[in-house]
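User: I'm new to this structure and would like a close look at one part of it. Could you take me through the salt bridges and the stretch of chain that follows them?

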Amino acid sequence: SAASDVYKRQVSTQSTGGMDTEDGARAARARAVLDRYYDAINQHSVPGMLELVAMDLRVSFLEPERNWSGKSLAETKFAGWFATCPDAVSYTHLTLPTKRIVEM
């Protein structure tokens with residue numbers, strides 16, 4: 001989608017200004033994980049997304065009744081998301097699930 005392409009360009013063109021070599025490498029790995037995650041979203045690939053989330057994934061919302069956790073439930077949630085929104089993808093709520101992944 002156009003939004004994804006814009007996001008990926010923004011992420012891939014961000015510099016590592018001020019970072020040492022180790023931090024720069026960590027940032028590059030994090031960008032690579034995010035690129036794979038968003039590619040899986042654009043391809044509507046539930047298996048591709050699941051490869052990038054932890055078994056103990058926890059998703060939190062301001063409304064506690066919406067919270068959920070676990071990779072098996074993630075599979076159901078991702079599949080349902082694609083079934084109900086096959087063309088409209090919103091990335092704003094994905095920062096919490098990916099946060100744990102990119103901390104290296």
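Analyst: Sure, let's get our bearings before zooming in. The protein has five helices and two strands, and reading from the N terminus the order is α-α-α-β-β-α-α. Keep in mind that this is a predicted model. The protein has 104 residues, and 32% of them are buried. If you take the contacts between residues at least 6 apart in sequence, 60% of those join residues at least 24 apart. As for the outside, about 6600 Å² is exposed, with carbon and sulfur atoms supplying 55% of that area.

Now for the salt bridges. How many turn up in a search of the whole structure? The search finds four, and I'll walk you through some of them, starting in helix α2.

Helix α2 covers residues 21-42. Look for Arg26, which forms a salt bridge with Glu22; their closest N and O atoms are 2.9 Å apart. Why does this pairing fit the helix? Glu22 and Arg26 sit four residues apart in α2, so about one helical turn separates them. Arg26 also forms a salt bridge with Asp23, and here the closest N and O atoms are 2.8 Å apart. Asp23 and Arg26 are both in helix α2 as well, three residues apart, which is again about one turn of the helix.

How open to the outside are these three? Glu22 counts as exposed, because its relative accessibility is 54% and the cut-off for exposed is over 50%. Arg26 is partly exposed, with a relative accessible area of 25%. Asp23 is partly exposed too, at 30%.

Stay with helix α2 and move along to Arg36. This residue forms a salt bridge with Glu51, the closest N and O atoms being 3.5 Å apart. Here the pair links distant parts of the chain: Arg36 is in helix α2, while Glu51 is in the loop between α3 (46-50) and β1 (58-59), 15 residues apart. On accessibility, Arg36 is partly exposed at 46%, whereas Glu51 is exposed at 59%. Back among the earlier residues, salt bridges with shared partners join Glu22, Asp23 and Arg26 into one network.

Next, follow the chain out of helix α2 and into the loop between α2 and α3. Two residues to find there are His44 and Ser45.

What is unusual about the backbone of His44? Most residues other than glycine have a negative phi. The phi of His44, though, is near 55°, a positive value in a residue that isn't glycine. His44 counts as partly exposed, with 28% relative accessibility.

Ser45 is worth a look for its side chain. A polar atom of that side chain lies 2.9 Å from the backbone nitrogen of Gly48. And which residues does Ser45 touch once you leave aside its neighbours within four places in sequence? Those contacts are with Ala40 and Phe82.

To pull the picture together: in helix α2, Glu22, Asp23 and Arg26 share one salt-bridge network. Elsewhere in α2, Arg36 reaches out to Glu51 in the loop between α3 and β1. In the loop between α2 and α3, His44 has its positive phi, and the side chain of Ser45 has a polar atom 2.9 Å from the backbone nitrogen of Gly48.

Note on methods
Residues numbered from 1 in each chain as written. Predicted model: local features only at pLDDT ≥ 70, side-chain atom pairs only at ≥ 80, totals over all residues. Heavy atoms only, no water. Buried < 20%, exposed > 50% of the residue type's maximum accessible area, 1.4 Å probe, protein only. Contact = heavy atoms within 4.5 Å. Areas by Shrake-Rupley, 256 points an atom, 1.4 Å probe, with all protein chains shown as cover. Salt bridge = Lys/Arg side-chain N within 4 Å of Asp/Glu carboxyl O. Polar contact = N/O pair within 3.5 Å; in protein donor to acceptor, adjacent residues only side chain to side chain.
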